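Subject: A structure for you to look at

Hello,

Here is the structure I promised to pass on to you. Please open it beside this email and follow along as you read.

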4 protein chains.
Amino acid sequence: MAIVLGNNQYGKAQNHVVRVYRDTARHEIRDLTVSSALRGDFSAAHADGDQKDVLPTDTQKNTVFSFAKEKGVGAIEDYALTLADHFIAQTPVADGARIEVSETPWRRIEVDGQGHDHAFVQSGDGVRTTVVNVDGSGADRKANVVSGFTGVTVLKSTGSEFQGFLKDRYTTLAETDDRILATSLVARWRYESQAVQAGNVDWDKSYDAVKALLLQRFAEIHSKALQQTLYGMGESVLQQHAEIAEIRFSAPNKHHFLVDLSPFGVENPGEVFYAADRPYGLIEATVLRDDASEPGNAWLATPGFC
Amino acid sequence: MAIVLGNNQYGKAQNHVVRVYRDTARHEIRDLTVSSALRGDFSAAHADGDQKDVLPTDTQKNTVFSFAKEKGVGAIEDYALTLADHFIAQTPVADGARIEVSETPWRRIEVDGQGHDHAFVQSGDGVRTTVVNVDGSGADRKANVVSGFTGVTVLKSTGSEFQGFLKDRYTTLAETDDRILATSLVARWRYESQAVQAGNVDWDKSYDAVKALLLQRFAEIHSKALQQTLYGMGESVLQQHAEIAEIRFSAPNKHHFLVDLSPFGVENPGEVFYAADRPYGLIEATVLRDDASEPGNAWLATPGFC
Amino acid sequence: MAIVLGNNQYGKAQNHVVRVYRDTARHEIRDLTVSSALRGDFSAAHADGDQKDVLPTDTQKNTVFSFAKEKGVGAIEDYALTLADHFIAQTPVADGARIEVSETPWRRIEVDGQGHDHAFVQSGDGVRTTVVNVDGSGADRKANVVSGFTGVTVLKSTGSEFQGFLKDRYTTLAETDDRILATSLVARWRYESQAVQAGNVDWDKSYDAVKALLLQRFAEIHSKALQQTLYGMGESVLQQHAEIAEIRFSAPNKHHFLVDLSPFGVENPGEVFYAADRPYGLIEATVLRDDASEPGNAWLATPGFC
Amino acid sequence: MAIVLGNNQYGKAQNHVVRVYRDTARHEIRDLTVSSALRGDFSAAHADGDQKDVLPTDTQKNTVFSFAKEKGVGAIEDYALTLADHFIAQTPVADGARIEVSETPWRRIEVDGQGHDHAFVQSGDGVRTTVVNVDGSGADRKANVVSGFTGVTVLKSTGSEFQGFLKDRYTTLAETDDRILATSLVARWRYESQAVQAGNVDWDKSYDAVKALLLQRFAEIHSKALQQTLYGMGESVLQQHAEIAEIRFSAPNKHHFLVDLSPFGVENPGEVFYAADRPYGLIEATVLRDDASEPGNAWLATPGFC
């Protein structure tokens, strides 16, 4: 029996990069949090403490910042792919790189009905994310792009039921044909390898359309359970977006309990709720095409299903 | 020498109340976090453990939820004042009550260009708050209302300098005539006692106008320091809002450091910044009328200056 | 009517200083988070943007770090007092300074039953804090020291009741003679001005003794309510510590609800509890000597009562 | 092309269970946070909204609490395995269950040198965790147990270097033969399938020994990089614990930057550091036996490598 090094990765997490475009008086800003990680045969560093193969995380940080100027920041997916390829090229023993980018949205402050040139306010409209995993380089290069968002909190005040469920001796939950449905949604979708390889995905357009569609479908679908809502949302995305191979959801069921006001002689027909924190239901699901490309390392080290 | 009970208050913190208005198919929702506290001569409870004067925090919680139905939720200031008066009336030894309400904003989900009837998405546009302090009842009643917001993060990508400051042997900071200015603003303003007593403040209208004005002034003022920006913002509010006696700011100076890319042969003329978390500058200031009414207990137990 | 600047302070918050003492092979470490703030007539900075009176927060940060070497870090109270006096001396218009220091505890890692010379593990035993406020200098100098801790979570599994309380139509809580009592305690005590002025408080010894006494009394006192427990704890501190003028508590009542297992035919005689997060009771109280010195600015800008 | 349901799981997250053992006057308490999740062919629930196969998360919650009484809480691993088997048995379409338990440590409050019978204080000594995954039942049952801890923060004030690393044009980091090494360690180890199946692991003893050994090795190993330290720690665990198949680490490199005090004429020979929050290095590594059993679903949905 021998003891060996297994899966490993290392990098610099949470570089908070703010990029200002100031070529004209009307500035643009981009607010990114970037994490990089390299994987490969780093056994010398682990077993012997020999760092000759290790590109320091400090160097990765420097590169992340410098590329924001040198290469510019277009779609976060392109920025991440460029960084991943660069790190693999710079680090001979690295056979893969993982770049995660989150973008915090800002909008212009309104002054006299106009968006100001250089003053901005953060809008809390969820955070756009991408996780890019590149394996190898040259002819063997395989790139995976998983994009999505975190922290989009949605709620339906009706149009949601939960009944007909399995019961055992520990079941006390009442069936209901009208409840509040709320979740703080994390959605991540994997782009088809072919589309990524061909480089013909319009990342920004795809993101905007998918996000709007997910919200719309959440609103439209009459919910029999959060599972069915999520599945329906994912199905619509796959129907309308050929560039997407699969979509995964992680959705806490943020329980809103109807408060019993009857001890005070007060009726409460679905009007006053206690919004609980913990425990919460947690629904995680994948919706995919049956002919979707293989994910390979696409989901590596991303919270949720792997 | 005797040991005695000094200032004290007790209550139920962070009741998360969601109120749905469903009188028509077009629902409205209100998402409130409510904390109540009573103060007065509760020495029997403290010294002897005798609870006869103590309205339980559980009862306070019940009341908070029931009033959301019985009295309804209009402006959070009115809801808070109603609760404060009620608790003082119910609790003979209480000579004051403090009610804090925070409201999380939601907006309708867009479907085909229309806001949906009963599906909502949280907008992250800061949290509206009010802290209401009522002392006494009847002819002696004094009500204070401090309203404001937390978590409004703003940034200027230019129009901000910092120079001409005091220097000592520990000063290494370079003077600058162009830097990023960013803060996650907490603003709280106290309404004039007379206006509160007369009951003629339009809380929602006042809140919307003050918030918009603060953002506008942040954008417009050429900043020589965060202090001067805040003062100018506060001054405009007092000039335009006779109903407001004073305004207080707590503003972390969220430092954005220009990254030195020269080791890589890359210029960085105000384009790539590292956004730091800690340490941060913290600027706190009060702007008030010189004939403002006395605050009394208005600022009791509210973070920041008292 | 004129608009004027009211209370204000500014400084550098949350400088995370780690100080290593390495004079011998047996190192010592101190892990401090330090916030400084100056107050006074900074109206030129606010009204005109003139920074000539403003010692930059960056300079304050530099000083905090340099003093950790120049002056060393003994008791956090002494370190804070030294910084406060220094900042007042350096800044002509400052008439007061507030220094807050929190210390995270570490202990030596055990190797073969011995504490290691230079390897440490964080112990989560609450965080020791001090808030020092100095007004003026020379003969007019007045120094206030408020020390304490945050985040000490304690629980009694019996020896706690809650009954005989005031009831109204919203009261549904059952009386109980046996419940879990738990809180995440914040305690802050103010040292007598005379003792501070005389410089004869042994800060470390006082802190250790007060903390141990508070825990002991929490354990010993049969609780009729959290109020009575806190009062009893404070009373013991004042009885045994002549150097302390008053003590303040902020104590969330961390509710543990007995779970109803009867639907499953299971008895639950005080054995299985659901520990809730929100809402929680919040009890705040001051215990003081009736001849305590005036607090002046001692509690300025410290969360809780002021 | 068809759209299908892929991996999915659902359950109740973060049930906060406090279990009191009060058979004698000397109470014991256990403070657990429990998350359950079921996986399998829940396509009817997703595609059609038919809940007939779905054991509600509310029922899972009830079971978690009731089992704390019915089965008692011994080692968290046994408690989790019992729950997993139960849920699979109760839910015909479930082919797997994942139970995660975290235990917050408490110790007795000292009174007169003795631990009190029923008063406790939380010790912040990291949180013990287990993730149990069971697939199937009866002869086909496969159980995986991954135990470990989160939030153990350790620091070496010397005995750590970082040099000889790979350099490129973005490398500015200076080599060093003496730096602070600190991390907030997450360690998770997978028990050998055979040992789990045989039921002969002493979970508590194994946990205590592994944790102590990891701390000891962190202290003892002269570090050439965090990678080498982690590998050495893992190697020792595998050498001494035949019951363990592999161990995985997630270790943020909590940077401590030496502060340049030379502008103030102050030397700083490794004594005053600025402890930074972000960005941080993040080192993740697996150490395993080359004949380790297959992990199967052991690492499903656990943050880090899968």
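Before we start, one term: a crossing of two helices is called right-handed if the near helix is turned clockwise from the far one by less than a right angle, and left-handed if it is turned anticlockwise. Please also keep in mind that this is a predicted model.

**Two helices in chain C**

With that term in hand, look at α5(C), which passes α6(C) in a right-handed crossing. Two packed helices are described by the angle between their axes and the distance between the axes. Here, helix α5 (residues 203-220) of chain C and helix α6 (residues 226-240) of chain C pack at about 140°, and their axes are 9 Å apart. Angles over 145 degrees would count as roughly antiparallel and those from 65 to 115 as roughly perpendicular, so α5(C) is oblique to α6(C).

Which residues make the contact? From α5(C) come V210(C), L213(C), L214(C), R217(C) and F218(C), while α6(C) brings T229(C), G232(C), M233(C), S236(C), V237(C) and Q240(C). Sorted by class, the residues of this contact are 6 nonpolar, 4 polar and 1 charged.

**Chain A against chain D**

Next, turn to the contact between chains A and D, which takes 75 residues from chain A and 76 residues from chain D. Several elements of chain A each supply at least two residues to its side, including α1 (43-48), α2 (57-70) and β10 (244-253). Which element gives the most? That is β1(A), with 11 residues. The chain A side divides into 33 nonpolar, 27 polar and 15 charged residues.

You can also follow a strand pairing between these two chains: β13(A) and strand β1 (residues 3-13) of chain D pair in the antiparallel sense over 9 bridges. To find one bridge yourself, start at E284(A), whose partner in β1(D) is Q9(D).

**Chain C against chain A**

Finally, compare chains C and A. A turn of 180° with a shift of 0.0 Å along the axis lays chain C on chain A with an RMSD of 0.0 Å. That is the relation of a two-fold axis. Which residue of chain C comes closest to the rotation axis? It is D277(C), whose C-alpha is at 3.7 Å.

In the contact of these chains, 7 residues of chain C meet 7 residues of chain A. On the chain C side there are 3 nonpolar, 1 polar and 3 charged residues. Of the interface residues of chain C, 100% are also interface residues in chain A, so the copies meet through the same surface.

Enjoy exploring!

Key. Residues are numbered from 1 along each chain as its sequence is written. Chains are lettered from A and ligands numbered from 1 in the order in which they are written. This is a predicted model: local features need pLDDT of at least 70, side-chain atom pairs count only at pLDDT 80 or more; totals for chains, interfaces and linings use all residues. Axes are lines fitted to C-alpha atoms, for helices over the stretch in contact, and angles run from 0 to 180 degrees between N-to-C directions. Helices (H or I, at least four residues) and strands (E, at least two) are DSSP runs, numbered from the N terminus. Angles under 35 degrees count as roughly parallel, over 145 as roughly antiparallel, 65 to 115 as roughly perpendicular and the rest as oblique. Two residues are in contact if their C-beta atoms, placed from the backbone, lie within 7 Å. Ala, Val, Leu, Ile, Met, Phe, Trp, Tyr, Cys and Pro count as nonpolar, Asp, Glu, Lys and Arg as charged, and the others, Gly among them, as polar. Two strands pair if DSSP finds at least two bridges between them. Copies are superposed by least squares on the C-alpha atoms of residues with pLDDT of at least 70 in both.
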